[in-house]
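Here is a short note to help you find your way around this model. Keep the viewer open beside the text and take the points in order.

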Amino acid sequence: MRRVLLALCFLAGAGLSPAAAVGLPSEMLRDPAQEQRARDIGHELRCMVCQNQSIEESEADLARDLRRIVRERVAAGESNQQVIAYVHERYGDFVLLRPPFTMATAALWGAPFIALGGGLAAILLLMRRRRIAPEAPPPLTAEEQARLAALEDESAR
Amino acid sequence: MSEIATKPRLGRRRALLFAPLGLAVAGGAGFYAMLRGMGTGSYDPRGVPSALIGKSAPPFALPPLEATGLPAFAQADLANLPGPVLVNFWASWCVPCIIEHPQLMALSREGVQVLGINYKDKPADAATFLTRHGNPFARLGRDEPGRVAIDWGVYGVPETYLLDRGGIIRWRWAGPVTPEVLQHDIRPLLKRYA
C-alpha cells in the first residue's frame, strides 16, 4: 500500500513539475485565452540554457525572462507568428523547437523519406530476386552427366 | 556457360558485403573527429551560432555605472569606429568572468576598445568587481533587467562579440575568453578587421 502511495506521489510530481515552472500567478496573463496562446507559443521555443526543454518548462532565468516577453507581446495584441519571429530574430533557428526547412536542415527533414525510400527499394529488390530464384536450373546435358559420373567414380575410389 | 554468367554478379554481391563495414568506418571517423574537436575546443556540441552575425547591433541605450565614472553605452557608439571593438557581457556573480578578465585587461592595455555590458548585476557589486580585478572597459552600460542582452541573443554570461569598424557583428563567443580563444580567434579577427 505504501509503495503504491509513493508511486502515486511520484506520478503526481512528474505530472506537475513542467507546469510548476510557470505556476506563478504573477507571471500569468489575466485573460485565460491569452494565457493559453502564450503557453502554446512558449512550447514552440527552446530554452537556450537547458536546450532540451521549452521555455514553458524550464526553471532557467532566461526562460523566465522570455516567458515574460512572450506574455507582454501577446497582451499587446501580436499574433503567434509575430511573437515567435521576435525571438527567432534574436536567437536564430536553434530557438525553434520545430526547425524551419532550409538548406542547412534539408538533410534533417529529408532523412525519414530517404530511409523510407531505401527500405522500399530494398524490399522491391528482394521480392524480385525471390521471384527469379525458384526457377529450376536447366537439366544437365549428356556431356555434363558423363563428367559428373566420372568425378563421382574418382572420389569413390 | 552458366559459370560465365554468374561470376560478375557474385563479385558485385561480395562488394556489397563490405558496405556495412564501410559505413561503420565512415561513422567511426566522424565520431573520432567530433571527439577530437571537443578535446581541442574547435567543436562544441552545445554551441549555437549567433543570429546576429553580419548584422549591426540592435538598438539600445544603457545607463552608466556611476561609481566607475565610465561613459555609458548605446547603439550610436557602435558606428564609425576607429577599429574593431569587443562587446563583452559580464556580471560580478559570474565565475567564468573572473577567468576571462586577465585576457580582457591585456586587450585593453594593447589599445583594443573593450565595451562592457553589465548583466543583471547590482551596481555596487559590479563596481567592487572592477576595483578588485581592474577595469578593461572603455565604456560600460548597465543592463539590470537583462532586456538588451536578449536583443543581442545572449543566453548566458560571459559572452563576447566582435564588431568591425562599421559596427557589423562579425563574431560571437559564448563562454570565457581563455588565452586560447584570445590567440586562435580574437587576435586573427582583430587583424582581419583592422
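1. **A partly exposed aspartate and its partner.** Let us begin with A:Asp61, which is partly exposed at a relative accessible area of 41%. This residue takes part in a salt bridge with A:Arg64, and the closest N and O atoms of the two are 3.3 Å apart. A:Arg64 is also partly exposed, its relative accessible area being 29%. Why are these two separated by about one helical turn? Because they are 3 residues apart in helix α3 of chain A. Please keep in mind throughout that this is a predicted model.

2. **Chain A as a whole.** It may help to step back to the chain that holds this pair. Chain A contains 6 helices and 0 strands, so its elements, read from the N terminus on, give the pattern α-α-α-α-α-α. The chain has 157 residues, and buried ones make up 24% of them. Take the contacts in chain A between residues at least 6 apart in sequence: 50% of these join residues at least 24 apart.

3. **An unusual backbone angle in chain A.** Have a look at A:Gln51, whose phi is positive, about 65°, although the residue is not a glycine. You will find A:Gln51 in the loop between α2 (32–42) and α3 (61–75) of chain A. Is this glutamine buried or exposed? A:Gln51 is buried, with a relative accessible area of 8%.

4. **Its counterpart for comparison in chain B.** B:Asn80 is not a glycine either, and its phi is positive at about 50°. This asparagine sits in the loop between β2 (73–74) and β3 (85–90) of chain B. The surroundings are worth checking here: B:Asn80 is exposed, with a relative accessible area of 75%, whereas A:Gln51 is buried.

5. **A cis peptide bond.** Please also inspect the link between B:Val157 and B:Pro158, which is a cis peptide bond with omega at about -5°. B:Pro158 belongs to the loop between α5 (147–152) and β6 (159–163) of chain B.

6. **Where the chains meet.** How many residues of chain B are in contact with chain A? The count is 18, and they touch 18 residues of chain A. About 1400 Å² of area is buried between the two chains, and carbon and sulfur atoms give 48% of that area. Three residues deserve a label in your viewer: B:Arg147, B:Ile150 and B:Tyr155 supply 37% of what chain B buries against chain A, more than any other three residues.

7. **Salt bridges across the interface.** Between chain B and chain A there are 3 salt bridges. One of them pairs B:Lys120 with A:Asp65, where the closest N and O atoms are 2.4 Å apart. B:Asp151 and A:Arg90 form a salt bridge as well, with 2.7 Å between the closest N and O atoms. This pair joins two chains, because B:Asp151 lies in helix α5 of chain B while A:Arg90 lies in helix α4 (residues 80–91) of chain A. Both B:Asp151 and A:Arg90 are buried.

8. **Salt bridges elsewhere.** Over all chains the count comes to 15 salt bridges. Within chain B, the side chains of B:Glu144 and B:Arg142 meet in one, at 2.9 Å from N to O. B:Glu144 counts as partly exposed at 40% relative accessibility, whereas B:Arg142 is buried at 16%. In chain A, A:Glu35, A:Arg39, A:Glu56 and A:Arg71 are joined into one network by salt bridges that share partners.

9. **The second largest pocket.** To finish, turn to the second largest pocket, which holds about 750 Å³ of space. Which residues are closest to its centre? Of the 31 that line the pocket, they are B:Asp44, B:Gly47, B:Trp173, B:Ala174 and B:Gly175. Two elements of chain B, β7 (169–174) and α6 (179–192), are the ones that give two or more residues to this lining. By residue type, the lining of the second largest pocket divides into 15 nonpolar, 10 polar and 6 charged residues.

Conventions:
Residues numbered from 1 in each chain as written. Chains lettered and ligands numbered in written order. Predicted model: local features only at pLDDT ≥ 70, side-chain atom pairs only at ≥ 80, totals over all residues. Heavy atoms only, no water. 1 Å grid on protein atoms, 1.4 Å probe; cavity = no way out; pocket = protein on both sides within 12 Å on 5 of 7 lines; lining within 4 Å. Points joined across faces, edges and corners; volume = space filled by probe spheres on them. Helix = DSSP H or I, 4+ residues; strand = E, 2+ residues; numbered from the N terminus. Nonpolar A, V, L, I, M, F, W, Y, C, P; charged D, E, K, R; others polar. Buried < 20%, exposed > 50% of the residue type's maximum accessible area, 1.4 Å probe, protein only. Contact = heavy atoms within 4.5 Å. Buried area = accessible area lost by both parts, 1.4 Å probe. Salt bridge = Lys/Arg side-chain N within 4 Å of Asp/Glu carboxyl O.
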